[in-house]
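The following exercises are to be worked with the sequence and the structure at hand. Each task is followed by a solution in steps.

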Amino acid sequence: MQYDLSERSLDLFDALWHGDLNTCLEQVDAGFSFVSPLTNAHEPAPKQLESYCKRGRSLSKILDYRVLQVRRIFETEETCIILLLGNVLDPSRGAIGFRCTFVWHVQPEEPRLVHMHFSLPLAPPDMPIDKLSVSAQARGNPIILRDTDGHSHVVNRAEVLYLESRHQYTIVHLPRRQIRARVALSELLRDFPDYFVRVHRSYAINVLHVEQISRREIRMAGGSHIPIPERRSKSVREEVLDAMVRARLVSEPGSIAPPPEMKNERD
């Protein structure tokens, strides 16, 4: 059976907005995680969701919202990430932008929600939505790397698949070549955009090239498998997915999928 996860995310956001805890809990997976500026991050995700819904029931009586865009920003056979961008409509303050990310585990019987992240924008509410990305670094801005043989290489950061630490060197992995640089991974990483995430002591990945995330590893474009420390599995997944959202807020022309008109405003 095929499920419209864009539509399901819209319905789930509406349930969250109106504080419908039961509808929200029916959708979540056993390992569900939740991030919100209105809840205590140290509490278990179901408890955070309950606290959020209590506040939502009060806020929805005086505030309204409008979803402006729905984006399917990442999709594999097992994972689908939906991003909602919109405004909270406050009679006294006007429109306040928000974004909400839904990470779905796609299963044959029924998709389950594994992560939800509700946040306010990192820019003024009157800024155009396509400027909300914190990845302001130009993806085409190159970096010059000197390898261990003394040769200089011009590298487009966005083309780098991942960085690998080997003793006092860092291996820069690109689709058709590798560059061995005499520099520590932590030092080199300072020169890379925030869509690079350090997922392991020895690896930092470019989330633009992630194909699949599992509990123990990340599969990159080209077939490389990057290990995830078991004790950091949940936090690494959240860091990678949040970086995906930030990196993909500025979309390719024509890649934005607007929501159905009937879903733009809720009565």
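**Exercise 1. A residue in a strand**

Task: Determine which residues Asn206 touches, leaving aside residues up to four places away in sequence, and decide whether Asn206 is buried or exposed.

Solution.

Step 1. The model is a predicted one. In it, Asn206 touches Arg157, Ala158, Val160, Leu161, Tyr162, Tyr195, Phe196 and Met220, when residues up to four places away in sequence are not counted.

Step 2. The cut-off for a buried residue is a relative accessible area under 20%. Asn206 has a relative accessible area of 0% and is therefore buried.

Step 3. Asn206 belongs to strand β12. From this strand (residues 203-206), Tyr203 and Ile205 point one way, whereas Ala204 and Asn206 point the other way. All four of these residues are buried.

Step 4. The arrangement may be set beside a general rule: the side chains of a regular strand alternate between the two faces of the sheet.

**Exercise 2. The partners of β12**

Task: State which strands pair with β12, and in what sense.

Solution.

Step 1. One partner is strand β8 (residues 162-166), which pairs with β12 in the antiparallel sense over three bridges. Within this pairing, Glu164 has Tyr203 of β12 as its bridge partner.

Step 2. Another partner is strand β11 (residues 196-200), antiparallel to β12 and joined to it over four bridges. Here Arg198 has Ala204 of β12 as its bridge partner.

Step 3. The connection between β11 and β12 is a hairpin, with two residues between the strands.

**Exercise 3. The nonpolar cores**

Task: Find how many residues the largest nonpolar core has, and which helix gives the most to it.

Solution.

Step 1. The largest nonpolar core has 44 residues. Those with the most contacts inside this core are Leu163, Val199, Ile205, Val210, Ile218, Val240 and Met244.

Step 2. Helix α5 (residues 233-248) gives the most to this core, contributing five residues.

Step 3. There is also a second, separate core of 32 residues; Leu10, Leu49, Phe102 and Trp104 are among them.

Step 4. Consider Leu163 in detail. Beyond residues up to four places away in sequence, the residues that Leu163 touches include Ile171, Val172, Leu185, Leu188, Phe192 and Phe196. Leu163 also touches Tyr203 and Ala204.

Step 5. As a general principle, nonpolar side chains tend to be buried together in soluble globular proteins.

**Exercise 4. Helix α1**

Task: Establish how many residues of α1 are buried, and against which elements the buried residues pack.

Solution.

Step 1. Helix α1 has 13 residues, and the distance from its first C-alpha to its last is 18 Å, close to the 18 Å expected at 1.5 Å a residue.

Step 2. Eleven of the 13 residues are buried, and α1 is accordingly described as mostly covered. Among the buried residues are Leu5, Arg8, Leu10, Phe13 and Trp17.

Step 3. The buried residues of α1 pack against α2 (21-25), α3 (45-59), β2 (64-75), β3 (79-90), β4 and β5.

**Exercise 5. Salt bridges**

Task: Identify which residue forms a salt bridge with Glu110, and explain which parts of the chain this pair ties together.

Solution.

Step 1. A search of the whole structure finds six salt bridges. In one of them, Glu110 is joined to Arg8, with the closest N and O atoms 3.3 Å apart.

Step 2. Glu110 lies in the loop between β4 (94-105) and β5 (112-119), and Arg8 lies in helix α1 (residues 5-17), so the pair ties together parts that are 102 residues apart in sequence.

Step 3. Glu110, at 30% relative accessibility, counts as partly exposed. Arg8, at 17%, counts as buried.

Step 4. Two further examples may be examined. Arg219 forms a salt bridge with Glu211, with the closest N and O atoms 3.4 Å apart. Arg219 counts as partly exposed at 29% relative accessibility, and Glu211 counts as partly exposed at 32%. Glu239 and Arg232 meet through their side chains in a salt bridge at 3.3 Å, N to O.

**Exercise 6. The chain as a whole**

Task: State how many helices and strands the chain has, and what percentage of its residues count as buried.

Solution.

Step 1. The chain has five helices and 15 strands.

Step 2. Of its 267 residues, 49% count as buried.

Step 3. The chain exposes about 14,100 Å², of which carbon and sulfur atoms supply 48%.

Technical notes: Residues are numbered from 1 along each chain as its sequence is written. This is a predicted model: local features need pLDDT of at least 70, side-chain atom pairs count only at pLDDT 80 or more; totals for chains, interfaces and linings use all residues. Side-chain values use heavy atoms; hydrogens and water are left out. A nonpolar core is a set of buried Ala, Val, Leu, Ile, Met, Phe, Trp, Tyr and Cys residues joined through side-chain atoms within 4.5 Å. Buried means under 20% relative accessible area, exposed over 50%, partly exposed in between (1.4 Å probe, protein chains only). Contact means heavy atoms within 4.5 Å. A salt bridge is a side-chain nitrogen of Lys or Arg within 4 Å of a carboxyl oxygen of Asp or Glu. Accessible areas come from the Shrake-Rupley method with a 1.4 Å probe; for residues, only the protein chains shown count as cover. Two strands pair if DSSP finds at least two bridges between them. The expected span of a helix is 1.5 Å times one less than its number of residues.
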